[in-house]
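Me: Could you walk me through one part of this model in detail? I'd like to follow one strand, its neighbour and the aromatic rings around there.

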Amino acid sequence: MAKFQVSKSISSLVPYKPGKPISETKREYQVDEIYKLASNENPMGVSNAVKQAIINAIDDLYRYPDPANFDLLQSLESAWGTAKALMTIGNGSNEIIDLLIRIFCEPGEFILTSEAAFVAYEVCAQGARVGVIKTPMTDDFKMDLKKMADILKNDPRKDQIKVVFIPNPNNPTGSYVNQKEVEEFLFVAAERSGLLVVFDEAYNEYVRASDYSSAQNQVGKNHQIAVVRTLSKAYGLAGLRVGVLAADQEVIDLVNRVRNPFNINSLAQVAAVAALQDKDYLKRSQELTWQGLDYFYQELTSMGLPYIPSQGNFVLFDTRRNVVEVNESLLKKGIILRPVLNYGLKTHLRMSVGLMTENRKAIQALKEVLGL
Ligand SMILES: *Cc1c(COP(=O)(O)O)cnc(C)c1O
């Protein structure tokens, strides 16, 4: 019997399950050498420019950070070309997702997204007592924007849908929706005044598909569009927690009212500035990812394992076996990949791109475990 009575949306909440930590795996499986390709982290490690910026800023740690994130917004404007007045910073993009739901949805209202979309939207919605409407994916694991548009037009709950989340590219599938699909969806969304359409572009930097278009260049033109970006992936700052929101001035003002004034610590601010200026790190990070993905595709093809072509820094593939058993055998070999059972996929594994040596270890272990 629970000692406290809380809302059912809280007590039934399935918490976010992160990739298995290296230390825990070492302990449980008694292996020394661990290869973690489970959390889409940047395998290149921390850039030297970032390390130096952090060292230089240490003596100021006794002071509160700049609540306006002035230098960081300036660097973002230079790096991405979006006006700084149309951006604000979150403690990771996760905080931004949380804030947008709390700001735009009353308890009992809805967000709209897809099955197998990044799970943070659902977790944050439940925490805010907000409902989630999800449309099925297409047969090739893509978000079905036509079905999502149908919901906006025809679902009996349509007027209570306040925010749409479109992760583009999506995690864990690595799939994307193209410019034409997005335009057609936005045409329908435009009929619904007061609706916010959020594009989560955490993997923006890795996209190679020629018919992809970032929604960020429409911020400032279409007030319904909000774009969430992160420095956790291509910029290699997952541990420091820096996410960015680009949106209409009114949306930015609302988020700035609600967010904690010191949500971005001072080391994260200076590190993010250094990371945005380190163009060489970003370029190498993209090249390493593309090389690793092409290697994975080639190996998975030769093993006869179906995979979803990815626009991220990871690939989702079908082991065609019980993934709990496969994963257990991989862990015994010190290889941490990511089962995605919480997305309803019972035979798939998600594998992040690592350094080439790590990629080869993972493929080697897979071959041994699967007997291929
Ligand atoms: C990794 C990821 C993020 C980034 O989250 P942070 O909180 O910024 O670290 C956001 N969205 C998606 C879809 C992701 O996969």
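**One strand and the rings beyond**

Reply: Let's start with strand S4, residues 131–135: Gly131, Ile133 and Thr135 make up its covered face, while Val132 and Lys134 sit on the uncovered one. The model is predicted, so local features need pLDDT of at least 70 and side-chain atom pairs 80 or more, while totals for chains, interfaces and linings use all residues. Numbering starts from 1 along each chain as its sequence is written, and side-chain values use heavy atoms, leaving out hydrogens and water. Strands are DSSP E runs of at least two residues, helices H or I runs of at least four, numbered from the N terminus.

S4's partner is strand S3 (residues 110–114), in the parallel sense, over 5 bridges; DSSP must find at least two for a pair. Leucine 112, for instance, has isoleucine 133 as its bridge partner in S4. S3, helix H6 (residues 120–127) and S4 together make a β-α-β unit.

Now for the rings. The whole structure holds 10 aromatic pairs (Phe, Tyr or six-membered Trp ring centres within 6.5 Å; planes under 30 degrees apart are stacked, over 60 edge-to-face, the rest tilted). Tyrosine 16 and phenylalanine 118 meet edge-to-face, 6.5 Å centre to centre with 75 degrees between the planes. Tyrosine 16 belongs to the loop between helix H1 (8–11) and helix H2 (22–29), phenylalanine 118 to the loop between S3 and H6, so this pair ties together parts 102 residues apart in sequence. Phenylalanine 118 also pairs edge-to-face with tyrosine 121, at 5.7 Å and 80 degrees. Add Phe165 to Tyr16, Phe118 and Tyr121, and you have one aromatic cluster.

Key
Buried means under 20% relative accessible area, exposed over 50%, partly exposed in between (1.4 Å probe, protein chains only). A crossover is right-handed if, with the strands pointing away from the viewer, the path from the first strand over the helix to the second runs clockwise.
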